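I opened this one at the bench with a coffee and a short list of things to look up. Here are my notes, in the order I made them.

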Amino acid sequence: LMWEEGRVKRERRWEEEEAKRKNGQSKQEDEKVEEGSQKEEPSANNDIKSSLFSFATFMARNVKNTVTEAIKAVPEIVGVDDETTELLNPIDDRPLCMEERDAILLMKAYCPRMSTPDSLVGQCLAKGFARCLPSSSPPVLTAGGVVRGTDAVLPNHGMEAFGFSNNVVRRIVLENAREYHSLIANVPTLTIDDLIRALKDQVLEEEMLVRLLKWWPKVCRVERSMERRGLLLKEAVRFDATNLIGERAAPKSGDTNAGNSPSTDADDDVQSVQVRRLESILYYMPNNLMDLPLPETSLPPSLQKEIGLRILENSVYDHWFSSLPFVIWASFVSCDECLTEGRPEDVNIKVMATLSKHFDSLEGYAKRRFVDLLPTDSPCILFDSDGSSNGATSLSKHHAAPPNQLYLPTSDLSAFAGVGVFHKVSKRLTKAGVSDAFLLAMGVRT
């Protein structure tokens, strides 16, 4: 009787428990179906790009929570000084824009972290994703926009500063997604051959030429193998020498057509641009020749001052440049108007003082051979006109004459008063350091 009395309650309780059990099973089955659909969705989708972006969306769930950690500082190649560091790490202080941040997060989503037991697991996964697009290279973001990985280049020790502004990947973007660029997109790194090809198609301004010549010894110290391509690099360099050569010569007085034609100014602007090849430069100058006339095969003085003599004397430039031999300079300056005509006078005085100092450093027969290089038959020595021919004194006038027509400044010519006109070497030459021994060797009389 008691069992019969509780039967209704028991059956009701059993039905409730059975309903709860069935509801729990249905929820678990629904969750399994949902998870199964998520797992099967990439494989069921035949569109490779859609599956890749689905994977990226899935991976980005964790990346989006660490935006500040994703954008990390760019490591620098530290040099012995600030200039070396800047040459190997060109300044790029522009902050990341929103598009670059989004691109970094997306690229990092394709880059699985290196896992245990071996780092090759991560590399194999990355290469596997790269093979999903066999017919085209994955896109990357460069300074000029989005391009295929094969059309972009990665920076390399400051090489990117020379003509690669559009297709080079910013270093800060590279460092935040290096695995994507190197393993998945297979973006090539800049090489010395790339630099040579780029320089052949451009004319460097003075600032970039100075940077290149300062950068080359620094990068060769980091990568010694580059030094073997040095001469090919020199042959490829062209630069604008307009400002280095100086102002053009003024038109001659007989050129009456100058300025009459309306197109003359435009023609002059075109002609004023002078492009030179670096391979035509053979010498750098010692400091004592910097302000004197120099051959075209030497570095322009202003350019050498910006580069610095210590850099030019680096061993990597042994096959590029050498110090200008004094004998070669003396042969060149002997044909310059400062010695053939004695003008400009201030240049003549500096040149004569330099020649005299070198002459005094020689010994024996070397002095005679050195004098043979000089134009002793030309009016190369200045003299002071004392006005004895017309009875007036004009010490302010300065003229030039051949050495054999002049006398030493210390010569006493009072015994020849009234006989004729005799000139002494200008006292300015003596004050500048021109020795009597040098003047006598050139043929000046006592």
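Before judging any side chain, I wrote down my cut-offs: buried means under 20% relative accessible area, exposed means over 50%, and partly exposed is what falls in between. I also noted that this is a predicted model.

**Entry 1: a pair to try the cut-offs on.** I started with E337, whose side chain forms a salt bridge with that of R343, at 3.6 Å from N to O. E337 has 36% relative accessibility, so I put it down as partly exposed. Its partner R343 comes out at 45%, which is also partly exposed.

**Entry 2: the other salt bridges.** How many salt bridges does the structure hold? I found 13 listed. I looked up R229 and D193 next, and their side chains meet at 2.6 Å, N to O. R229 sits in the loop between α11 (206-222) and α12 (230-236), while D193 belongs to helix α10 (residues 192-200), so this salt bridge ties together parts that are 36 residues apart in sequence. I noted R229 as partly exposed at 31%, and D193 as partly exposed at 30%.

Then I checked E227, which pairs with R224 through a salt bridge of 2.9 Å, N to O. E227 has a relative accessible area of 27%, again partly exposed.

I also came across a network of salt bridges that links D92, R94, E100 and R170.

**Entry 3: helix α6.** E100 from that network led me to α6, where E100 is buried. The helix runs over residues 98-109, 12 residues in total, and spans 17 Å from its first C-alpha to its last, close to the expected 16 Å. Alongside E100, I marked A103, I104, L105, M107 and A109 as buried in α6.

**Entry 4: the nonpolar cores.** Which members of the largest nonpolar core touch the most others? They are L195, L199, W215 and W216, out of 41 residues. I listed the helices that each supply at least two residues to this core: α5 (82-88), α10, α11, α12, α15 (301-307) and α16 (309-312). The biggest contribution is from α11, with eight residues.

I followed W216 a little further. Setting aside its neighbours within four places in sequence, W216 contacts I192, M226, E227, G230, L233, V316, Y317 and W320. So E227 turned up twice in my notes, here as a contact of W216 and earlier as the salt-bridge partner of R224.

Last, I noted another core lying apart from the largest one; it has 37 residues, including L292, L355, L362 and V371.

Notes. Residues numbered from 1 in each chain as written. Predicted model: local features only at pLDDT ≥ 70, side-chain atom pairs only at ≥ 80, totals over all residues. Heavy atoms only, no water. Salt bridge = Lys/Arg side-chain N within 4 Å of Asp/Glu carboxyl O. Helix = DSSP H or I, 4+ residues; strand = E, 2+ residues; numbered from the N terminus. Buried < 20%, exposed > 50% of the residue type's maximum accessible area, 1.4 Å probe, protein only. Expected span 1.5 Å × (residues − 1). Core = buried A, V, L, I, M, F, W, Y, C linked by side-chain atoms within 4.5 Å. Contact = heavy atoms within 4.5 Å.
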